[in-house]
Amino acid sequence: QVRLVESGGGSVQAGGSLRLSCATLGTYSSYTYSSFCMGWFRQAPGKEREGVAIIDSIGSTSYADSVKGRFTISKDNAKNTLYLQMNSLKPEDTALYYCAADRRQCIGSDLTDADFRSWGQGTQVTVSS
């Protein structure tokens with residue numbers, strides 16, 4: 001398993017921005033880290049966990065419709081770190097955000113199935129109106 005730690009959550013007003021980070025405990029070569037399928041998921045109180053964004057080994061990305069055009073997933077292979085830039089935040093973005101990783105190629109259902117072996121502990125994002 002890959003050990004993951006999220007940071008960067010907080011409280012912002014609607015329209016604001018936050019940048020989440022997901023650091024990997026332990027060191028992987030850039031080549032190895034780049035091969036991971038990685039993603040961001042979120043869970044609001046009383047709701048099921050939902051996929052937010054996925055990034056594959058060649059940097060291709062996919063997003064939930066609710067965040068397209070506002071959120072950007074990226075990763076720095078040399079730093080073994082995954083990011084989620086969140087702009088134009090809305091109150092409905094309020095949730096606990098998790099990063100996830102698996103040492104495999106991404107598949108088309110990753111955003112919905114969330115079948116990842118490794119998960120972080122989550123970081124809270126609260127957006128007020």
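Q: Is Y31 buried or exposed?
A: Y31 is exposed: its relative accessible area is 70%, and over 50% is what counts as exposed. Keep in mind that this is a predicted model.

Q: Which element is Y31 in?
A: Y31 belongs to helix 1, which covers residues 30-34.

Q: And how far is Y31 from A78?
A: Their C-alpha atoms are 8.6 Å apart, while 47 residues separate Y31 and A78 along the chain.

Q: Back up a bit. How many helices and strands does the protein have?
A: There are two helices and eleven strands. In sequence order the pattern reads β-β-β-α-β-β-β-β-β-β-α-β-β.

Q: How does the radius of gyration compare with the globule rule?
A: The radius of gyration is 14 Å, close to the 14 Å that the rule gives for 129 residues, so the protein is as compact as a globular protein of that length. The C-alpha trace spans about 40 × 25 × 25 Å along its principal axes.

Q: What share of the residues is buried?
A: Buried residues are 46% of the 129.

Q: What about strand 8, is that buried or exposed?
A: Strand 8, residues 81-86, has five of its six residues buried, so the rest of the structure largely encloses it.

Q: Which strands does strand 8 pair with?
A: Strand 3 (residues 18-25) pairs with strand 8 in the antiparallel sense, over six bridges. Strand 7 (residues 71-76) is also antiparallel to strand 8, with six bridges.

Q: Which residues could I click on to find those pairings?
A: For strand 3, take A23, whose bridge partner in strand 8 is T81. On the strand 7 side, F71 sits opposite M86 of strand 8.

Q: What is in the turn between strand 7 and strand 8?
A: Strands 7 and 8 form a hairpin with four residues between them, and N80 has a positive phi near 55°.

Q: Changing topic: how many residues of strand 5 are buried?
A: Five of six; strand 5, residues 50-55, is mostly covered.

Q: What does strand 5 pair with?
A: Strand 4 (residues 37-43) is one partner, antiparallel over five bridges. Strand 6 (residues 61-63) is another, also antiparallel, and three bridges join strand 6 to strand 5.

Q: Which residues face each other there?
A: F41 is opposite G51 of strand 5. I54 has S62 in strand 6 as its bridge partner.

Q: Those two hairpins, which glycines have a positive phi?
A: In the hairpin of strands 4 and 5, with six residues between the strands, G46 in the turn has a positive phi of about 80°. In the hairpin of strands 5 and 6, with five residues between the strands, G59 has a positive phi near 90°.

Q: Now the contacts. What share of them comes from residues 24 or more positions apart?
A: Among contacts with a separation of 6 or more, 60% are between residues 24 or more positions apart.

Q: What is the accessible surface?
A: About 6500 Å², and carbon and sulfur atoms account for 46% of that.

Q: Last one, charges. How many positive and negative?
A: The protein has 13 positive and 12 negative charges, and the mean positions of the two sets lie 5 Å apart.

Terms used. Residues numbered from 1 in each chain as written. Predicted model: local features only at pLDDT ≥ 70, side-chain atom pairs only at ≥ 80, totals over all residues. Heavy atoms only, no water. Rg over C-alpha atoms; globule rule 2.2 N^0.38 Å. Buried < 20%, exposed > 50% of the residue type's maximum accessible area, 1.4 Å probe, protein only. Contact = heavy atoms within 4.5 Å. Areas by Shrake-Rupley, 256 points an atom, 1.4 Å probe, with all protein chains shown as cover. Lys, Arg positive; Asp, Glu negative; His and termini not counted. Charge placed at Lys NZ, Arg CZ, Asp CG, Glu CD. Pairing = 2+ DSSP bridges.
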